[in-house]
Amino acid sequence: MAGRDIEYERPILLGCGGCDARWTALTAAHCPTCHATFAGATTGFDAHRVNGVCQPPQQVGLRHDRGYWLVAGEKPPGRVLHRSGEVAGGRGDPSGSAGPPGGEVRMAG
């Protein structure tokens with residue numbers, strides 16, 4: 001259908017065993033230490049690791065959109081979902097909020 005982003009029609013493909021994040025993009029990278037999700041492994045993920053230590057994504061020039069941390073010019077490759085009652089996105093989530101009540105799944109961003 002014209003005007004629809006087929007990326008958002010994908011089922012959830014991947015998830016983290018250490019947090020509540022689930023994402024749809026095969027190109028995304030999720031940090032198992034700080035639990036932030038990045039649009040690309042060689043872009044945002046590498047930028048947030050300085051001398052082997054996680055840095056807050058916003059402090060290394062990344063921006064947050066639809067649950068992903070992005071470098072300039074990147075677009076979110078899908079969406080990141082969070083389950084309720086758990087920390088949403090770890091230290092990488094700028095809101096630091098938990099999900100909605102009732103076991104619902106919400107889209108981050």
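Is Leu-26 buried or exposed? Select Leu-26 and turn on the surface to see: with a relative accessible area of 63%, Leu-26 is exposed. As you look around, keep in mind that this is a predicted model.

**Stop 1: the leucine patch**

Stay with Leu-26 for a moment. This residue sits in the loop between E2 and E3. Now add Leu-13 and Leu-14 to your selection: together with Leu-26 they make a nonpolar surface patch of about 270 Å². Of these, Leu-14 belongs to strand E1, which covers residues 14-15. Its relative accessibility is 33%, so Leu-14 counts as partly exposed.

Before leaving, draw a C-alpha to C-alpha distance from Leu-26 to Pro-77. The two are 51 residues apart in sequence, and the distance in space is 8.5 Å.

**Stop 2: Thr-24**

Next, select Thr-24, found in the loop between strand E2 (21-23) and strand E3 (29-30). Thr-24 has a relative accessibility of 1% and therefore counts as buried, whereas Leu-26 is exposed. Show the side chain of Thr-24 together with the backbone of Arg-79: the side chain reaches the backbone nitrogen of Arg-79 at 3.2 Å.

**Stop 3: His-30**

Move on to His-30, which lies in strand E3. What is its relative accessible area? The value is 13%, and because buried means under 20%, His-30 is buried.

Show its side chain and look for two partners:

- Thr-37: the side chains of His-30 and Thr-37 make a polar contact at 2.7 Å.
- Ala-36: its backbone oxygen lies 3.5 Å from a polar atom of the His-30 side chain.

Now bring up the wider surroundings. Leaving aside residues up to four places away in sequence, His-30 touches Cys-16, Cys-19, Ala-21, Trp-23, His-35, Ala-36, Thr-37 and Phe-45. Keep Phe-45 selected for the last stop.

**Stop 4: the aromatic pair**

How many aromatic pairs does the structure hold? There is one. To find the pair, add Phe-38 to Phe-45: the ring centres are 5.9 Å apart and the planes stand at 80°, so the pair is edge-to-face. Rotate the view until you can see one ring from its side, and compare the planes. Then colour Phe-38 by accessibility: at 0% relative accessibility, Phe-38 counts as buried.

Phe-45 links these last two stops, as one of the residues that His-30 touches and as the ring partner of Phe-38.

Note on methods: Residues are numbered from 1 along each chain as its sequence is written. This is a predicted model: local features need pLDDT of at least 70, side-chain atom pairs count only at pLDDT 80 or more; totals for chains, interfaces and linings use all residues. Side-chain values use heavy atoms; hydrogens and water are left out. Helices (H or I, at least four residues) and strands (E, at least two) are DSSP runs, numbered from the N terminus. Buried means under 20% relative accessible area, exposed over 50%, partly exposed in between (1.4 Å probe, protein chains only). A polar contact is a pair of N or O atoms within 3.5 Å; within protein, one must be able to donate a hydrogen and the other to accept it, and residues adjacent in sequence count only if both atoms are side-chain atoms. Contact means heavy atoms within 4.5 Å. Rings of Phe, Tyr and Trp (its six-membered ring) pair if their centres lie within 6.5 Å; planes under 30 degrees apart count as stacked, over 60 as edge-to-face and the rest as tilted. Patches are made of residues with over 30% relative accessible area and no salt bridge: like charges are joined within 9 Å, nonpolar side chains (Val, Leu, Ile, Met, Phe, Trp, Tyr) within 5 Å. Accessible areas come from the Shrake-Rupley method with a 1.4 Å probe; for residues, only the protein chains shown count as cover. A salt bridge is a side-chain nitrogen of Lys or Arg within 4 Å of a carboxyl oxygen of Asp or Glu.
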